[in-house]
Every structure is written in structure tokens, then in C-alpha cells.
Amino acid sequence: LDQGIIDACSAAAQSIAEGVQRAIEGRSTVSVERSIARLLGIDGVDEDGVPLPNVISDQLQDYGIQSDGAAYRIACGMAATGMSPADLASAIGRGEHLLADFPEIGAEEARLLLEPYVSAGLDRMDEARDRRRNLRERNPAGLQPWLYVIVATGNIYEDTVQAQAAAEQGADIIAVIRSTAQSLLDYLPYGPTTEGFGGTFATQENFRIMRNALNESIEKTGRYVQLVNYASGLCMPEIAVSGAFEGLDMMLNDAIYGILFRDINMRRTFIDQHFSRMINAYADIIINTGEDNYLTTADAVEEAHTVLASQFINRALARRSLMPDGLMGLGHAFEIDPDIEDGFLMEVAQAQMVRQIFPDSPIKYMPPTKHMSGNIFKGHLMDGMFNLASILTDQSIQLLGMLTEAVHTPFLHDRALAIENARHIFTSARHLSEEISFTPGGRIQKRAEQVLSETRAMLETVEVEGLMKALENSRFAGISRSEGGGKGADGVIIVGERWFNPFAEEMEMRLKRRNAGGESPALAADDSLGVSDER
């Protein structure tokens, strides 16, 4: 690949990310404010079942003081009552106080009052991070590509049974699929849940239950099993906080997906992704981006460059949140029509291209789904070719395909067959990538060069337009979204002079020190992350 073109793509993506940052400066969101409340130790619900972080956020808006922000107004309440943030929120939830009634205090006093609670919130994330590190040191993760499977019963307790079964069958990563449309709820449900449609509600208690269940499997198998959920939708940063507190390993977290596929307001999404990624970076949680979804609505041959362009943009935006490349699980997919001549060669070209352009990222590779027909024998073969492409091109995270993908929600034995398929191919072709070279000027190389060249042209166009205008112009996935439209637009806040986010400020300082010191991400501490001789 031409490094000059790669560098030009990176430069354009950086310019695009800078444009996004300018568009969100001086703004917060209700979900960021609720995240600050959660980090200060506020949790639980009022007598009507409303989460206390929402009670705080709602009062900020109802009384026209949202520009001051949760941190400042909570500090005012602490100064007036002598209460902790958690006790203050509980009292407000009981109707004993109103957030707007407390006398205003100086900015410096507000910061000093919150300081011990800011330290406690960050300490809590540090402790969860260290627990994962220690557990993984005792029980090393499997070799990459890590086998990634899903559970989606709707009942967290049934999910744990399925997750433990998958872990004992050989899965390296368990993703708990979220209940349908939770991304559009502007609050984070509280407590354990047993009713969900198409998945299980993401709650902090559900995270805790599944983490404990997988820890049991880790001790039983002697192999670290990673836990995944979704830091996306209208509660993106709040879910990142809950995941950081409960020791999750990965979170689906894309800068554009919610805009395109859930019609969430652009500014709301860009503000929320910035803070949520800072939280994930601080907690050493790998993010998974969602470029694979573009190919569900667009042709995988004609629109391959849109996937690569989005990967460059996602990386640039994540770096602005001080996230190291080792935590960026950039997504792509095996979605070319299997009946196209040399389609497999094009798949290999794109997989190898992504792997080489982002050598330090734990690349997430998605299975064929769009062209699954219900023919389970052909489907299992397609999944086998997908697994072969993965080991051939040194992918990192392998979301396993199921032979019944187009028939029904997979049964336990379908998942067992998927794990068996991948383990067989990964074992029998473990070092194939070390033995392969590509013909100069051959079909595979030419395909990669074509996609890279088209990506450069697209990124330079988006750089001129700006990302928001590009999204209006259907540059990604063939979907158009308006800059001022979308769900959650009323949750964007213009901040005032008293507003501050003490966690963003402190995490920024600590992340800069950590990154300058070259500290590796906690869950990349072994040799299985990145290309290695062992793989």
C-alpha cells in the first residue's frame, strides 16, 4: 500500500475530527450531565422509579439552570446542606429539596467541595481496571482472533447460563445483546431485568451479574473471557460509566452509527461519544466501532471505501478523546456477494488492507449475514471462508457467524458448531499469514489500492463539506440525516461560565500522563494483542 495515500487519509480524517470538535465546543448534553452525577456516586431511583441521575438532570432543565451543569449545582447543594452528592440526590428525589433553591457559590469552592468525590469516582474505575488486570494475569486470554459470541435471551439470569456454556465451549468474548430500541431510551434502567425483546436491557446491575458469572467461568477454565455491552444511543456516556464501574472489557461505541441507524441528533451523538470514549480510555475498555453496518444497506463492493473512510474518522475522533490505538476495535465485515467471481479475493484484499493500515488496533471482523439464505450448509461454508480470511489476515476480534443466521435466533448447538468451525480453521491455519505473500500488481493488491484511493477521495470531499454536511449528503451507508434533526436534539445544552466537568478535566490530565509514559492498555498486557510471532 502507498504510505503517502494512507498519510493523506489520516490527515484528512484529523481535519474532519477537528471540525467536529469545533461544532461541539461550548456544549454538553443531558446524558453527559447524568454521567457526571453517576461518577459522583449518585445511583438508585426515586419512589416513582425514576433514576436519580435523571431527577438531577430534569431539575436542571425544568428550572432553567442547565447551563450551570450538574457538577456546579450539586456543589451548591452540598455547600448548603453538608450532604454528599448521593445523599443530596436522594433527598431531592424525595422532594425535600429542589436543586434550584440552593444559594450559588464560587467556582473554586464548588471544585474543592467535589474534589474528594471526583477522586472516589476515578478510584472506583481504577479498582475495576486492576481487578481485570489481575484476573487476566492469572488466567491468560486465548490467542487471537478472539472468538466473539452473543447471548440475547432478554433475561439476565438466562443470559448467564448461556454465557457460561459458551465460555466453556471455547468462546473468548461474550457480548450481551441489548433489548430492542434501548438505544432510544433517554434514561438508564435500574436493577436486574428479566424481560427484554431481542436482547437484555443494559443496566449496571445486569453488568455486575454477568461479570460475576464470567469470572466463575474464568476460574473454572483458567482462560480469561471478556465481556461486551453497548455504550451507544442516548445514554452513551452513562453506560460507559456503568461498564467502567463493573469491569467490562469492551463496549460497542461508534461516532456515527447512532446518527445513521437510530436517527439520533448529530451534535448529541458527537458530544456523547467524545466523553464516553474518554471514560472507556481511562478504564482501558476496548471500543468496537460499527462500520460493518454500512454494508447492510450498501453494496460491499461499490461502497467498501466508505467503511475505510469511517474507520479513519472513528480513529481520529477517538484520539481526540485521548484513546490509544490499542483500544480502538475498528469494525469491518465479510459481506461481498458469495456468487461474485473472485469475491473471496476481494474480501481478503479488504481485510488485509484494514489490518495493515491500523496495525496497533484490535480489529473487529463481522461475519456474512446479508447474503445468508436459509441454506444452512452453504451458510456454514460461508462462515468457514470468513474464518479463513480472518486467520489469513491476522484479524483480532472474530464475531462468529451462525449457520442458521437467516432461519431463527441461533440455538446453543448452532453456537457450538460456530465455535468448532472457527477453532478448527484457526488451529489448522494458525501461521498461514507468515507463509503468504501477495502478487505485486495482482488482483488482491489492485483491489486494495482501488479502495484506498477511493477512500482518499471521499475523505477529502468530507473534509471540505464537514462531517455533518456529509451525513446530510448520504456519504455513509446511503442514508441521509439532517444536522438539526434526530432524536435527543433537545438534550443538547449550551454551557455557561459556571459549567465544568471535573471528571473530563482530571481524566485528561491522567490520560496524557499515561499515554506519555507509554503505558499499555490493561487488557492488552499479554502478547495476543497486535500482530505477534505467536499468532
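Biologist: How many aromatic pairs does a search of the whole structure find?

Modeller: Keep in mind that this is a predicted model: local features need pLDDT of at least 70, side-chain atom pairs count only at pLDDT 80 or more, and totals for chains, interfaces and linings use all residues. Residues are numbered from 1 along each chain as its sequence is written, and side-chain values use heavy atoms, with hydrogens and water left out. Rings of Phe, Tyr and Trp (its six-membered ring) pair if their centres lie within 6.5 Å. Searching the whole structure that way, the number of aromatic pairs is eight.

Biologist: Take Tyr294 and Phe476: how are their planes set?

Modeller: Planes under 30 degrees apart count as stacked, over 60 as edge-to-face and the rest as tilted. Here the ring centres are 5.9 Å apart and the planes meet at 50°, so the pair is tilted.

Biologist: How far apart in sequence are the parts that this pair ties together?

Modeller: Tyr294 belongs to helix 12 (residues 294-297), a helix being a DSSP run of H or I with at least four residues, and a strand one of E with at least two, numbered from the N terminus. Phe476 sits in the loop between helix 19 (467-472) and strand 11 (492-494), so the parts joined are separated by 182 residues.

Biologist: Are Phe334 and Tyr365 buried or exposed?

Modeller: These two make an edge-to-face pair, 6.5 Å centre to centre with 75° between the planes. Phe334 is in the loop between strand 8 (331-333) and helix 14 (343-357), while Tyr365 is in strand 9 (residues 364-366). By relative accessible area (under 20% buried, over 50% exposed, partly exposed in between; 1.4 Å probe, protein chains only), both Phe334 and Tyr365 are buried.

Biologist: Which residue has its ring under the charged end of Arg514?

Modeller: A charge sits over a ring if NZ of Lys or CZ of Arg is within 6 Å of the ring centre and within 35 degrees of the ring normal. Arg111 does this over the face of Phe500, at 4.3 Å from the ring centre. For Arg514 the distance is 5.1 Å from the centre, and the ring is that of Tyr282.

Biologist: Which residues form one aromatic cluster with Tyr257 and Phe261?

Modeller: Two of them have come up already, as the tilted pair. Both are buried, too. The partners of Tyr257 and Phe261 in that cluster are Tyr294 and Phe476.
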